[in-house]
Amino acid sequence: MTAHRSAEPALAAVGSLRASKPMQGCQRDLAAGQNLGIIVSVRGSVVDVHFEEHIPPINTILRTGSDGGIIIEVLAHQDAHRIRGISLTSTQGLARGMKVEDTGAPLRAPVGKPVLSRMFDVFGNTIDNGTPLVDVQWRSVHRAPPPLTQRSTKTEIFETGIKVIDVLMPLERGGKAGLFGGAGVGKTVLLTEMIHNMIGHHSGVSIFCGIGERCREGEELYRDMKDAGVLPHMVMVFGQMNEPPGSRFRVGHAALTMAEYFRDDEHRDVLLLIDNIFRFIQAGSEISGLMGQMPSRLGYQPTMGTELSGLEERIANTSSGAITSIQAVYVPADDFTDPAAVHTFSHLSASIVLSRKRASEGLFPAVDPLQSNSTMATPGIVGERHYALAQDIRRTLAQYTQLKDIIAMLGLEQLSEEDRKVVARARRLERFFTQPFFTTEQFTSIKGRLVSLKDSLEGCERILRDEFKDLPESCLYMIGTVEEAKEKAKQSEVDSGKPKPGVPQQTTSGDKTNANQGRPSSSRPTRQLQS
């Protein structure tokens, strides 16, 4: 059969075709239907196609179906005439013997200024019911990381304007930070605030990449971004949960291609938010199983490290700009020795852990300062003053954590004078690290605050020096700079002297007697029972 012929003539034909015709001309000839294949097998999302003339290269996009709506990406060559590909769309309706068209090009993503404020799928199609795209370029999603000669060797701090992150776990400009947290602890709010601060106070672009994202969450995020007024400077790319693994696996590369355009061509800083990087690894595991590869430990694909590195290493800072990535990371069964978590941690420069206990206490953002860490928190990068202050803060909070059990059993009065001072400082630090966000103004009626690193460090130093020991702890809750605590205390004193609306004024004894006349005799016991 022709499928068992030698590979040399076919390879020679492909080489001569490439040498004689440029890629654009080859695409026009292929679009005319000169390089067609026949489907020989369909197994789930895996499709085998036989080509009689020349075999398409790896990562080439094929089209089939009645209207060409089924897209297949070439992943392996079985022999000189047969390829094995993974479908990026549903394979419903495919059958053996159907014709397949070779597009002659890999998967591409749109780049350019018109992509701002739009929502895309993995193929570059707009899914926000907006106007069609015009004046955009299309670039391959398969791009190499920037070479070492083009990378910036200067280490810079990426200020987020969020006090607890900038002080205890500073992010790296052009680095990667992992955000660990479950549902309901403020993860989306924290991501949204970072987008707002990046756009409102930096000349940057934000790109949100939803890998395996729920349709509901994507719609809510789009609506929240639109209401917050940050949509004109951001791009959203989604590979939704109901899509095949091939689509979820490539959506991260499509988002990175857009980010690289703004970094290299527009010379702008890019904030790339990925939710969830574990779903990228999970999609790769599904593809590996469908392709028949032997799984490694715990069922993961043997090429997991290579696939993750190909995505993560493209996130880098160069002399023209930087891509700073904040990634949500799901840890299966809270097992930090899981291969997916281990491979992800090796690429991260900062880990931000959100605590459900702190969220239940109303301490937002609910960042756990003791479990979170950053490789940037060293004296050579942040400076001696910042490093010493961060260590002092962690030491104070750790001592307070150890004293909580004693306080719960014996009470605060049983502590020594020095321990009580430590508890007072720690509780004030916890409340000072809370911060009102711009993206939650419509819910809290509290104006958002953007706090510089200088003001954050100064506030922590003054709290550790016991300058606010005479102020109530509530004065440090949900403020920006530490100076607002004194203003809040003065306002509280003024409000306490005013009569509260709806509360009757204190009456004289005669008025009190008259007021009690006619009241049922059972009213006082009823109030006691209710209290």
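In this predicted model, S41 finds its bridge partner across in β2, where D48 takes that role. The two strands involved are β1, covering residues 36-43, and β2, covering residues 46-51; they run antiparallel to each other and are held in register by six bridges. That pairing is one piece of a bigger arrangement: β1 and β2 belong to a set of six strands that closes into a barrel. Going round, the order reads β1-β2-β5-β4-β3-β6, with antiparallel pairing. From one strand to the next, the twist comes out at 45° on average.

On to the empty space. The largest pocket holds about 770 Å³, and 33 residues line it. Those nearest its centre are K187, T188, V189, E217 and D275. Several elements each give two or more residues to this lining, namely α4 (187-201), β13 (204-213), α5 (215-228), α7 (277-290) and α14 (441-444). Helix α5 chips in with the largest share, six residues. As for chemical character, the lining of this largest pocket splits into 13 nonpolar, 11 polar and nine charged residues.

The runner-up, the second largest pocket, comes in at about 490 Å³. Its lining is made of 24 residues, and N59, L75, F249, R250 and E307 sit closest to the centre. Two or more residues apiece come from β4 (70-77), α6 (245-264), α7 and α8 (304-312). Strand β4 is thus a familiar name here, since β4 is also one of the barrel strands, listed between β5 and β3. Helix α7 turns up again too, as it gives two or more residues to the lining of the largest pocket and likewise to that of the second largest. Sorted by class, the second pocket's lining has nine nonpolar, 10 polar and five charged residues.

Finally, the cysteines. Searching the whole structure for disulfides turns up zero. A disulfide is a covalent bond joining the sulfur atoms of two cysteines. Two cysteines can be placed by their accessibility. C209 has a relative accessible area of 1%, so it counts as buried, the cut-off for that label being under 20%. C460 is buried as well, because its relative accessibility is 0%. C209 also falls within the residue range of β13 (204-213), one of the elements that give two or more residues to the lining of the largest pocket.

How values were computed. Residues numbered from 1 in each chain as written. Predicted model: local features only at pLDDT ≥ 70, side-chain atom pairs only at ≥ 80, totals over all residues. Heavy atoms only, no water. 1 Å grid on protein atoms, 1.4 Å probe; cavity = no way out; pocket = protein on both sides within 12 Å on 5 of 7 lines; lining within 4 Å. Points joined across faces, edges and corners; volume = space filled by probe spheres on them. Helix = DSSP H or I, 4+ residues; strand = E, 2+ residues; numbered from the N terminus. Nonpolar A, V, L, I, M, F, W, Y, C, P; charged D, E, K, R; others polar. Pairing = 2+ DSSP bridges. Axes fitted to C-alpha atoms, helices over the stretch in contact; angles between N-to-C directions. Disulfide = S-S within 2.5 Å. Buried < 20%, exposed > 50% of the residue type's maximum accessible area, 1.4 Å probe, protein only.
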